[in-house]
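Reader: Hello! I would love a close look at one part of this protein, the salt bridges that join its helices.
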Amino acid sequence: MASSVAPYEQLVRQVEALKAENSHLRQELRDNSSHLSKLETETSGMKEVLKHLQGKLEQEARVLVSSGQTEVLEQLKALQMDITSLYNLKFQPPTLGPEPAARTPEGSPVHGSGPSKDSFGELSRATIRLLEELDRERCFLLNEIEKEEKEKLWYYSQLQGLSKRLDELPHVETQFSMQMDLIRQQLEFEAQHIRSLMEERFGTSDEMVQRAQIRASRLEQIDKELLEAQDRVQQTEPQALLAVKSVPVDEDPETEVPTHPEDGTPQPGNSKVEVVFWLLSMLATRDQEDTARTLLAMSSSPESCVAMRRSGCLPLLLQILHGTEAAAGGRAGAPGAPGAKDARMRANAALHNIVFSQPDQGLARKEMRVLHVLEQIRAYCETCWDWLQARDGGPEGGGAGSAPIPIEPQICQATCAVMKLSFDEEYRRAMNELGGLQAVAELLQVDYEMHKMTRDPLNLALRRYAGMTLTNLTFGDVANKATLCARRGCMEAIVAQLASDSEELHQVVSSILRNLSWRADINSKKVLREAGSVTALVQCVLRATKESTLKSVLSALWNLSAHSTENKAAICQVDGALGFLVSTLTYKCQSNSLAIIESGGGILRNVSSLVATREDYRQVLRDHNCLQTLLQHLTSHSLTIVSNACGTLWNLSARSARDQELLWDLGAVGMLRNLVHSKHKMIAMGSAAALRNLLAHRPAKH
């Protein structure tokens, strides 16, 4: 009876494990669905704005047809066609049909009592020719941009397919064989080949940015020339209209010129079409000072603020405030550059206007609360960057005095408030909208730049609060993880905290690295590796004394050890690391938790593919009786522990006659045979592979 109960209990545990994995996959699917829904909402918002502009153009066109302003009508028609082709909004208003070859006398707006008809005709024809040339050039540029974007999209889709295949490979649970490493390396090689082809086709990223800037600046110049041409038309056309009509155009609504009750007298030069083109050109040219000034002017009314939010202006403001990537030891946006500080001040004011124009009162209260503390953090960071700039620019680096700016208790309180708010999902959403991640990351970076490694309680508290905020904001958020990893200066500051004397800070930092390393993309993996996170975590875990610190650090190392062969080598190269990992296999937690044993076993399983190729590493494991401990783990009630042991034995049972003989002597063959039919895929696969290795190299005495 006892023999039948044991398999049943094992089956129940396996079912529970599968349920847990299934729920985790469902959660990831929900997260991805919410992210897609957010993107679709932003896209639909932009389309609504463009449809509104289309409607405005149609109304203005009707008024112009009735008033005889056909030259201006042709300009509006060209602008409308550009918007239609650029955003693929298939819309053709019925009033914008082909113009007649010549206007009849009834349609002519000039009479003998006015200025010369020939002079107006020549000016109109010259203006029309100029507009046509500018329109053709702009259409050509837009077509080139669209064509290049389509080709880039194809390359990106190929890279995305390879990335998906990489993600579908067994990750933490199966990184224990040389075969998996070879497959992963092959896929990464194919991805690198596609990147090289893309670079040959389009040039480097800097060249692509430069080409986009040149095109965008030309489009901006064309828009200015169009506005100048419109101004010339407007200077002549009103005179001709006044010569034929007995009352001004902008008199009361009962005149014969029809007007829309919401729009009043049409003013083509002030159309919102130019605003859209300005916004698109600013996105490409990255002229921060001009962009900030324009966006601040656009945020002067609540209606404009709502339209700016819906058309995606918030990311542009955050780019001005924090830059897209912070270089090591510095800050994106060049704080000392002329106009950079003014641009950030204007962008902050525009963001303030947009937040305070939020129509939803519930969201408005949350966003105002978040913005209040973020503005305090940004102001403090600005002061710190000014001090660092003065210090670096002064004689022998002492331009601002020898002592850095002392940390203010108020900034600690603000960071603590942000940390508390980050535990609420709705406030996290508001932080993501308003740049909370970038602001807190910059705060952590600038504090480290100023004070380096310090034992000051206020500094340690600020870094701990900032780290907890970053942990919450990066949990399950792919976009935030990529954004944080792109800020190299902040990443180096985060990793540097692992050398401090505070274990509480170690625990917070390792939690950030654990989130960033889980399902990381290729660029994030590279940044984590280049920042030295693996070596710093291993050295930190060797000094750890608290159980909670061990759990956090080992969990981060488990994820990182599955990223690349370089990370595995970095773990093994730290003196004492392999012996410590073996010791975690028998760790006794005060809370009876198996987290440390599971994490240590997972790391050892991941690095065992490298250990199997080095005799000196194998000897370290022998000295710590690793094989005996692994065989004991085969009888554990934790499926994770059994799976880790099977994976490690798979690698260690190959390429070494000494270890193979020892495993035969320890009775590993019989124990592995009991697991080959396990319903747990990784246990069955690992035990079967290890058993094949042992049976293929059976010692003579057995």
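Are R344 and E382 buried or exposed?

Author: Happy to help! This is a predicted model, in which local features need pLDDT of at least 70 and side-chain atom pairs count only at pLDDT 80 or more, while totals for chains, interfaces and linings use all residues. Residues are numbered from 1 along each chain as its sequence is written, and side-chain values use heavy atoms, with hydrogens and water left out.

To your question: R344 is buried, and E382 is buried too. Here buried means under 20% relative accessible area, exposed means over 50%, and partly exposed lies in between (1.4 Å probe, protein chains only). R344 and E382 form a salt bridge, with their closest N and O atoms 2.7 Å apart. This pair links distant parts of the chain, since R344 sits in helix α10 and E382 in helix α11, 38 residues apart. The helices are DSSP runs of H or I with at least four residues, numbered from the N terminus. A salt bridge is counted when a side-chain nitrogen of Lys or Arg is within 4 Å of a carboxyl oxygen of Asp or Glu.

A salt bridge also forms between K341 and D386, whose closest N and O atoms are 2.9 Å apart. K341 lies in helix α10 (residues 340-355) and D386 in helix α11 (residues 361-393), so this pair ties together parts that are 45 residues apart in sequence. K341 counts as partly exposed, at 34% relative accessibility, and D386 is partly exposed as well, at 26%.

In the whole structure there are 19 salt bridges.

Conventions:
Helices (H or I, at least four residues) and strands (E, at least two) are DSSP runs, numbered from the N terminus.
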